[in-house]
Amino acid sequence: MFISWSNNPIRRFLHWGPMTAIGPSYLQLKWKPKQDADVQYLQFCHVCDGYKAPRSHHCRKCNRCVIKMDHHCPWINNCVGWANHGYFTAFLAFAVLGCLHATAILAASLYVGLYRDWYIYYGHYSKVNVKLTIWSLVLCVFNIGLAIGVVITVGALLVYQLRAILNNRTAIEDWILEKARFRKERINETFTYPYDLGKWNNMKQVINISCTSAGNGIEWPVVEGCDQYTLTREQLAQKEEKRARTRTYTIHRPATGSWVPIFSQGFKVCLSPPLTDEPRIKLAVGDVVRVTRWRKYLLIFIMAMLRNATLLAVFITVLAAGLGDSSNANSSYRLPKSISPEHYNLRVYTHLGDERGFIFHGDVAIRFVCLEDTDKVVLHSKNLTLLEQRITVRKIEPEQRQNRSQQIDIKSVEYVAEHDYAVFRVSTPLTKGETYEISIPFESNLSTGLIGYYRSSYIDKKTKQKTWLAVTQFEPTYARQAFPCFDEPEMKATFDISLAHHERYVALSNMPVNRSVPLADMPGWVMDEFSTTVPMSTYLVAYTVNDFEYREAKATEPGDVVFKIWARRDAIDQVDYARDIGPRVTRFYEDYFHQKFPLPKIDMIAIPDFASGAMENWGLITYRETALLYHPNISTTSNKHRVASVIAHELAHQWFGNLVTMRWWTDLWLNEGFATYVASLGVDYLHPEWYSLEEESISNTLDIFKFDALLSSHPISVEIGHPNQISQIFDAISYEKGSIVIRMMHLFLSEETFRDGVSRYLQRHAYGNAEQDNLWAALTEEAHANGVLPDFINVKKVMDSWTLQTGYPIITVTRNYGANSAEVTQERFVSSEVPKDQNVTDYCWWIPLTYTTAKLLDFNDTLPKGWMECGGASANEKQTKVLDDLPDPEHWVIFNIQLAGLYKVRYDKSNYRLIIAQLNGPNYRDIGLLNRAQLIDDAMDLAWTGQQNYGIAFAMINYLRQEMEYIPWKSALTNLNSLNRILKRTPLYDIFKSYVQYILEPIYEQLDVFNMTRKSTDRLDGIKQLTLIASWACRFEVGDCVNRSVALFARWMNESNPDVNNPVPIDLRPVVYCNAIRLGNDAQWYFLWQRYLQSNVGAEKIMIIGSLACTRQLALVERFLQWSLNSTSGVRKQDATILFSSVSRNDVGFNAAKNFFLTRADEIYDFLSPDTSRLSRYIKPLAEQMFSSEEVRELNDLIQKKATIFEKANQGVKQALEMAQTNNKWTQINFAKMERLLPQLATRSAPNTLAELIDDF
């Protein structure tokens, strides 16, 4: 029957024959558009050696570019495309009709055959024309099943083809359109599909009597507003984004490459893509693959249907699509988009050690809008007990929202622990566009875990009693541990918060208190009701119940924000500095951003136990005490700078993060990086006498140059696969690298463009959510309007290369001294050994090139003189830059003025000789301050990786004997410290120590560190330089540093009241304390421990912890480590990692700390829970000092053995292990060189001998 309908000679000729013989029509080889200028809109096919016409795609099975390709069909062994699409559709239609016909005839025959005896019995002999044997019965049933199977599968494919024809979209274009809509949604734009001409006109393009397609297959009718290249431009944009988001992964489990890998990989993998004839890749452990981003809801069902025509294939693909459906509320870590919260009414009762213990309870009513029809409400709840019998859902009528409501029954409550979901299934489906409210009573314990709603304590000096307080920490995903909520940053809402507590406490929240009402049923209790908030994310909600005091800043201008600084009463005398600078930096930001602070008040509160430095909750900023409190007679200048920086950082978040919030944690860096950079501008405004802007820039850059050179680093904008990963990206990449690339952008855009672009962005997205592309768009508009960037460059193109790729580049400058020119190339700088099968060359950055020469000596101009571009056939194709008009061979050239870009520079030897001669001469200051530091850091890093001789680096460092500025010393000593960590446990240490003494002696004598009558300086870099040089001088026993330190400490011990009288200069106390403890015994150690217990200043306590860790007595070291895990020892939980890292960096403490961690890892894990991401802070200080193969193996074995406890710290653990492996590699490459080089260094100061260093070492 099938043959009679579709394969008789006529039908075969009309449908099957043309479909297979004529084919889809291939694009001619080496095709290109009529207008050469149009090639910029097209992709190039290297196989066909030509451009792909619009709607054409290359088929690897046919090995040709196919015009209007839909798919490759294995059943016709050809593609379905422009020329045969009509024949293919007709063939499918007649196949379905034929099988329907066959099914009817076979079913009727089967019926007659089965009832043959009945017909004979009643004499209906004319109908007895079918006689069934056992074989004919089997074949008949089989053929009916086969025909029905074809009807279902081929029919489904026919329906899909008809839908595609009516929409004028191929299967490939469906996917392109899906991605286009996804891309445009992020920037609030829409994409118009150019070929949708309406159903009737779309159908006529393919379906007609002759089954021949309209047009020529190259040019197509398009809708108004589009052109021939609308879709191809979108494809190019998608390709560019895809390449930028490519990630490299190392294979840890082999894959066989089998088509059905059910036994080798399991059933789940077997059901995963490709469910087609696409090959699976065979992979071995250690293989490195590059993976592009993909979406779970790929049209697996459709793609499989195009290639499979069996009922089994349909079943499997439908099942797989169901498993991968990202809208499934129970399987996705992201909340469904069917509900959007509008308002929370939250009431919380807090019990702080009363008859009910340490608990909180309350209820939350959440008003939400239904965006899609749904039968469930899914929200977040973790570690909360929900009183299910009292949970209600009601519909709110829009016209009288407050007075009318319709109760909706809840059928069931489910909990999905994996994603912290509470799922409320309702009896009546919720309708799109309607408003509802869910009310949930809840209760839980006030834990000591430093997250969610937790408790902290302090000892009141007057009463000697422990006093409790409760406070929140909700970032990133801990609001769900305090109340049920939609705990994602994009789900903003307003909040009415009411806090019930005993009347001896005070309550604070994001907004001012509206009224305080006594609770009739709870004597001695009050309920504080706060004003309604502005729309904000749940992670910015904050409240606290405490007995603190405050001091209020005086308003200097009408409309000033009310500023209050809160602290425990014993520390209230330490808030004056914060009270002074908080309002000032807020006004600075209001002017800078052209946007007034939107709330009526800001409370800043110092919490005794606080995991992070601070948290930018809108209107109620919480701080660790060391980050908010400053005592002028006890805190160091560095402590003061930290307080200023953290306050400026958190207040910057009130705009960047609070007013405009990232859509998802992928763009966390935009919050943290921007706040870090703008905070440096704020501190510079507060204290111009500090000259802190340059110092902070170089400090951040030096840190990132080390950290981001690791293969295990990550992009600034990092994809978050699960909320458990979020806490790990609060690292140097998000904060420091983020701030550096924003500084780079600021410098190449100019001050006016940067400020106006940022203001445009904030105004455009106020009270909403945004992504980095939204910021790039606002800045590009300003840059083009001001003529700062040429039209062919936009901010997104430049900045995506810095935010979406891991690492940073090094440029190589090779001068042509005969032509006074230079070639500049770029590559990724990596400090680790790159596996042979891993490719790190496919990276390209848009680099703003700044440079000056020995003739110009212009180290102030940071505007780019040129750009290193990326482009060509590949978006990441690097291009060599040729620069002309460079100086003659007698004059040097230096790139990256003021470190305006995040890149390193390598020169040819002749240029190095010129630079080294300049540095070691009397006019070394002709080279700019920041660039002197940059030259040292670049040379030392190149030598560390073996890409350049250490002779060049040490020839540069030699000039430090005449350098008097802090920043170059910071750069040099940071790099020498990397050598010191390894060499201090080797026989070379004494020689290295002699070299460091040789370098340090002149500046130590010049600074006269311990001269108490020395004139003080207001410059922050001057004070930091004094501390840095003193620290190194004492560590390496330069001059009288050690003796003076010990003597000062002894004088302090002899004071009758050492807690009041301290003869040690404030800024030298870390140095003096450490050296006295290092050379002392139990008496000195316990004296300083008592000072720790008596201290009331958080910053001083941290300084003392670091000093106590300097001891060389093993028994004291081991006891100190044990105290870090003892909650009654006096060491706070938040400071345990500081204690451990300080001990591990001590000569004696390293082995003790390593053994402590190896043997007590599980105990440390339990101690840190629930925030176990901080485990990486234990491994990193150990790993950075490991260098032997045995130590690396020991660390790796621990990581493998204890994989489960490192799950939330895996990113930091990988980086730590790579640090140790890098150290091991250094010893293999450079240790023998150091044995030859170090003995020569102290004598190589003359210019002629310095030149020998460049060539010989």
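**Close-ups of a predicted model**

**Figure 1. The whole protein, with its buried share.** Of the 1257 residues in the protein, 57% are buried. Keep in mind that this is a predicted model. The chain fold comes with 37 helices and 39 strands. Look at contacts with a separation of 6 or more, and 71% of them turn out to join residues 24 or more positions apart. On the outside, the protein exposes about 51,700 Å², with carbon and sulfur atoms supplying 52% of that area.

**Figure 2. An open sheet of 4 strands, in the order 37-33-32-39.** Pairing here is mixed. Strands of a sheet pair through backbone hydrogen bonds, and they can do so parallel or antiparallel. At the edges sit strand 37 (881-883) and strand 39 (904-907); each has a single partner strand, so one side of each goes without a neighbour in the sheet. Going from one strand to the next, the twist averages 25°.

**Figure 3. Strand 32 alongside strand 39.** Zooming in on this pair, strand 32 (residues 809-816) runs parallel to strand 39, and 4 bridges link the two. For a handy landmark, find Ile811: its bridge partner in strand 39 is Val905.

**Figure 4. Helix 21 packed on the sheet.** Which strands does helix 21 touch? Helix 21 (residues 909-919) is in touch with strand 32 and strand 39. The direction of helix 21 makes about 105° with that of strand 39. Strand 39, then, is an edge strand with a single partner strand, and it also takes part in the packing with helix 21.

Methods:
Residues are numbered from 1 along each chain as its sequence is written. This is a predicted model: local features need pLDDT of at least 70, side-chain atom pairs count only at pLDDT 80 or more; totals for chains, interfaces and linings use all residues. Side-chain values use heavy atoms; hydrogens and water are left out. Buried means under 20% relative accessible area, exposed over 50%, partly exposed in between (1.4 Å probe, protein chains only). Contact means heavy atoms within 4.5 Å. Accessible areas come from the Shrake-Rupley method with a 1.4 Å probe; for residues, only the protein chains shown count as cover. Two strands pair if DSSP finds at least two bridges between them. Axes are lines fitted to C-alpha atoms, for helices over the stretch in contact, and angles run from 0 to 180 degrees between N-to-C directions.
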